[in-house]
Amino acid sequence: MKKLNNRYLTIQEKIRFHDHEYYILDSPSISDHEYDELFRELQQIESEHPDWVTSASPSQRVGIKPANDFSTFKHFTQMLSLANAFNEEDLKNFHDRILKNLGDSQHIDYFCEPKMDGAAISLIYENGILTRGVTRGDGTLGEDITSNIRTIRSIPLRLKESEHSFPDLLEVRGEVFISKSDFDDLNFKATQNGEKVFANPRNAAAGSLRQLDPAITSTRPLAFFAHGIGSCHGKEFLDLQEIFEVFSSWGLPVNKLNQLASSIDECHRYYQNIESTRDAIPFEIDGVVFKVNKISIQQQLGEIARSPRWAIAHKFPAEEVLTEIVNIDFQVGRTGILTPVAKLKTVNVGGVNVTNCTLHNIDELTRLDPRPGDGAIIKRAGDVIPKMVKVIPKKKNRSSSVKTPKKCPKCNADIVFNYQSEWRIVDSNTSKTIKRFSSHYEAKKFQDENQTSKYNISEEHLETPFISCTGGNNCPEIFQSKFTHFVSRKAMDIDGLGQEILFTLINQKFIKDFSDIYSLADHRSELEQLERFGKKSVENLIQSIEKSASVELHRLVYALGIEEVGETTSRNLANHFGAMNHLLKSSFEDLTEVPDIGPRVATKIIDYFDDIENITSLQKLLVCLNIINPNLKTSSKDMKFSGLQIAITGKISLMSREEIKNLLITKGAKVTSSISKKTAYLIAGENAGSKLDKAKTLGVKIVDAVDINNFLNDPQKF
């Protein structure tokens, strides 16, 4: 029995050794056949002695499916996100901040690593045995994905014995990824099998880790690099260089491109080298990470919000790719504005397939002069929105320049040019400008109040003109877009009225006005005869419509689609006037008293309610609704954020950003999308990015998203 047990342990050690050679060193010393024979012998022994099997056995890599979803697990030490640098100056500022914080001129070494574009995880080893694998989550709470982590061959289930003893507990931080070649193979097989292909290696890795069936995860070519440490009980390290040397001795895979730098200039040279060889690196990276090497200095520097002061990610510039312009179309928006859009040959930019690219306005169209058949260099601005950077003219038989349409491409109505204007009061005797106004209403009022003939009003165009359709509701594109906005989640929130169903009802003449939506219950039998409709779906739709009839005032105002009146402005209007009839009676002066509503927006609101067609439609709609008006007598105690400007950035898991925004606004805050000197607080979630950096520079108070509930209850503590 003892001899057999020794053989069993020997086979385990052999398999671990060969796994390390194959998956980490990429230098196998035995054939696949010999490896398979060892594994079969292991399985044979375990089938005869199931009581010998432990979780550290190589046979136990594919675990049991979770009963339902993944359970959550609180990290022993928070998994922090990183601040970003985008140029050499940002990097030097980072170094200067460190020296300033330390208060002396001591020498700083930096540990340099490629920034892996994968999925961050934490591995927990107890006395060298892998006991848990957890996703990053919100940095405090992650999902327990141990069963899936165990399927990744480059992650040892049991650390290798070396001259370095194992700590009692060790949190290993790292990144799960898929190499470029493995990703191509994965998508090729998916295509062959008629399955959905992955957009990019990062999504493929993250999606694979969250499969409820670990058997599926085991078929994905996942790999792992360790890049840090969390809690460590029973062992102390002096610096990162030592940590990674010890990791390697324990069989944990470490990126071979890691390097120690003795100055910030050396860090920049490392960045330049990695950037220049990026295409040859076998896995996706999106920048370089620099960390203070010495652990004692890291501890001295500490952290701010959810980012350590001792580390920074130097991101690569937005990726630019070349594609071909297929056509230039003009899209008609809800307010009738026509936007030129380039239709492109599908191209992958930063992991996303791009087929369309907005050209914004006529000036941009004229400046770039894109034509069908031309080449176009595309990048994703901020790694999100596709932007055309440059046009490469076709060398032969180039198409004619794209002309501004004179008629709407959707309804053939006339096109008009619109400008943002400024109205000036001009002294007719001297031709000097006396005063400037952003609306004609204000200029006329000033002229009337001064009652002098020598003051004339002069209009001056300020910005790029935009073109718009004059068809109004007769333009099918405008008409349908208005309804799409009206039923959207942030407006009336009518579930079941997706674009396809909505357009069907419009085309079948069931819906001609907003109020018609609330009369659909009278047409049940007719609706059931339509394609894609049935008794159950019609009933669900009617219930959703009836539910939406009880609506908060600010949602209704937003749903009307008044030009330049977004969510925040709608809520400000609702909170100021308290009821729709008060808003309808408001004057220009009343409107400009509302927070953040200037003359331009006030004019848009006046114009909307002066339109007889809009008022008639609204009056019919109001009969169908139960409007929930805001409580204008809210106590000052409830208005904890009155007058404060607050921004939100990053991914937040405790509640949605929309929920946080609404709670802040109801408590008197102004929630903005940008950072300025007026910003009082920035709520920073995961991957906060450039907004967090700017907030730090401007001295804005930063609230970690983990503390959001405490902040909402008592902002004075922050």
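# A guided tour, starting at Tyr-125

Begin by selecting Tyr-125: its side chain reaches the backbone oxygen of Pro-156 at 2.6 Å. Keep in mind as you go that this is a predicted model.

**Stop 1: around Tyr-125**

Tyr-125 belongs to strand 4, which covers residues 119-126. Is this residue buried or exposed? With a relative accessible area of 1%, Tyr-125 is buried, because anything under 20% counts as such. Now show its surroundings. Leaving out residues up to four places away in sequence, Tyr-125 touches Leu-130, Ile-155, Pro-156, Leu-157, Leu-159, Asp-168, Leu-169, Leu-170, Val-172 and Leu-252. Pick Val-172 from that set: it sits 47 residues from Tyr-125 in sequence, yet the two C-alpha atoms are 7.8 Å apart in space.

**Stop 2: the sheet that holds strand 4**

Next, colour strands 5, 4, 7 and 8. In that order they make up an open sheet of four strands with antiparallel pairing. Strand 5 (129-135) and strand 8 are the edges; each has a single partner strand, so one side of each has no neighbour in the sheet. From one strand to the next, the twist averages 25°.

Zoom in on the pair formed by strand 4 and strand 5, which are joined in the antiparallel sense by six bridges. To find one of these contacts by name, select Ile-124; its bridge partner in strand 5 is Arg-132.

Then move over to strand 8, residues 223-233, and select Ile-229 there. Its relative accessibility is 25%, so Ile-229 counts as partly exposed. Apart from neighbours within four places in sequence, Ile-229 is in contact with Leu-170, Glu-171, Arg-173, Phe-237 and Ile-243. For a distance to try in the viewer, take Glu-143: it is 86 residues from Ile-229 along the chain, and their C-alpha atoms are separated by 18 Å.

Add helix 8 (residues 240-249) to the view. It lies across strand 7 and strand 8, and runs at about 115° to strand 8.

**Stop 3: helix 6**

Now select residues 201-209, which are helix 6, and highlight its buried residues: Pro-201, Ala-204, Ala-205, Ser-208 and Leu-209. Why do they fall on the same side of helix 6? They do so because they cover an arc of only 125° around the axis. The elements covering these buried residues include strand 4, helix 4 (146-149), strand 7 (169-177), helix 5 (180-192) and helix 7 (214-217).

**Stop 4: helix 3**

Go back along the chain to residues 88-102. This is helix 3, with 15 residues; from first C-alpha to last it reaches 22 Å, close to the 21 Å expected at 1.5 Å a residue. Which of its residues are buried? They are Leu-91, Phe-94, His-95, Ile-98 and Leu-102. Their arc around the axis is only 95°, which puts them on the same side of helix 3. As background, an α-helix has 3.6 residues a turn, so residues three or four places apart point the same way.

Rotate to the face turned away from that buried side, and you will find the exposed residues Glu-89 and Lys-100. Over the buried residues, the cover includes strand 2 (83-85), strand 3 (110-116), helix 9 (264-276), strand 10 (285-292), helix 10 (295-301) and strand 13 (311-315).

Check both ends before leaving. At the start of helix 3, a side-chain oxygen of Asn-87 comes to within 3.2 Å of the backbone nitrogen of Glu-89. After the helix comes Gly-103, with a positive phi near 75°.

**Stop 5: Asp-513**

Jump to the loop between helix 14 (499-507) and helix 15 (514-517), and select Asp-513. Its relative accessibility is 14%, so Asp-513 counts as buried. What does its side chain meet in a polar contact? The partner is the side chain of Lys-620, at 3.1 Å. Setting aside residues up to four places away in sequence, Asp-513 touches Phe-483, Ser-617 and Lys-620.

**Stop 6: a parallel sheet**

Finish with the open sheet of four strands in the order 27-26-28-29, where the pairing is parallel. Strand 27 (670-672) and strand 29 (701-704) are at the edges, each with a single partner strand, so one side of each is left without a neighbour in the sheet. Neighbouring strands here are turned by 30° against each other on average, direction ignored.

Four bridges join strand 28 (residues 679-684) to strand 29, and Leu-682 stands opposite Ile-702 in strand 29. Last, show helix 25 (residues 690-698), which lies across strand 26 (645-649), strand 28 and strand 29, at about 145° to strand 28.

Technical notes
Residues are numbered from 1 along each chain as its sequence is written. This is a predicted model: local features need pLDDT of at least 70, side-chain atom pairs count only at pLDDT 80 or more; totals for chains, interfaces and linings use all residues. Side-chain values use heavy atoms; hydrogens and water are left out. Helices (H or I, at least four residues) and strands (E, at least two) are DSSP runs, numbered from the N terminus. The expected span of a helix is 1.5 Å times one less than its number of residues. Buried means under 20% relative accessible area, exposed over 50%, partly exposed in between (1.4 Å probe, protein chains only). The arc is that of the directions from the helix axis to the C-beta atoms. Contact means heavy atoms within 4.5 Å. A polar contact is a pair of N or O atoms within 3.5 Å; within protein, one must be able to donate a hydrogen and the other to accept it, and residues adjacent in sequence count only if both atoms are side-chain atoms. Two strands pair if DSSP finds at least two bridges between them. Axes are lines fitted to C-alpha atoms, for helices over the stretch in contact, and angles run from 0 to 180 degrees between N-to-C directions.
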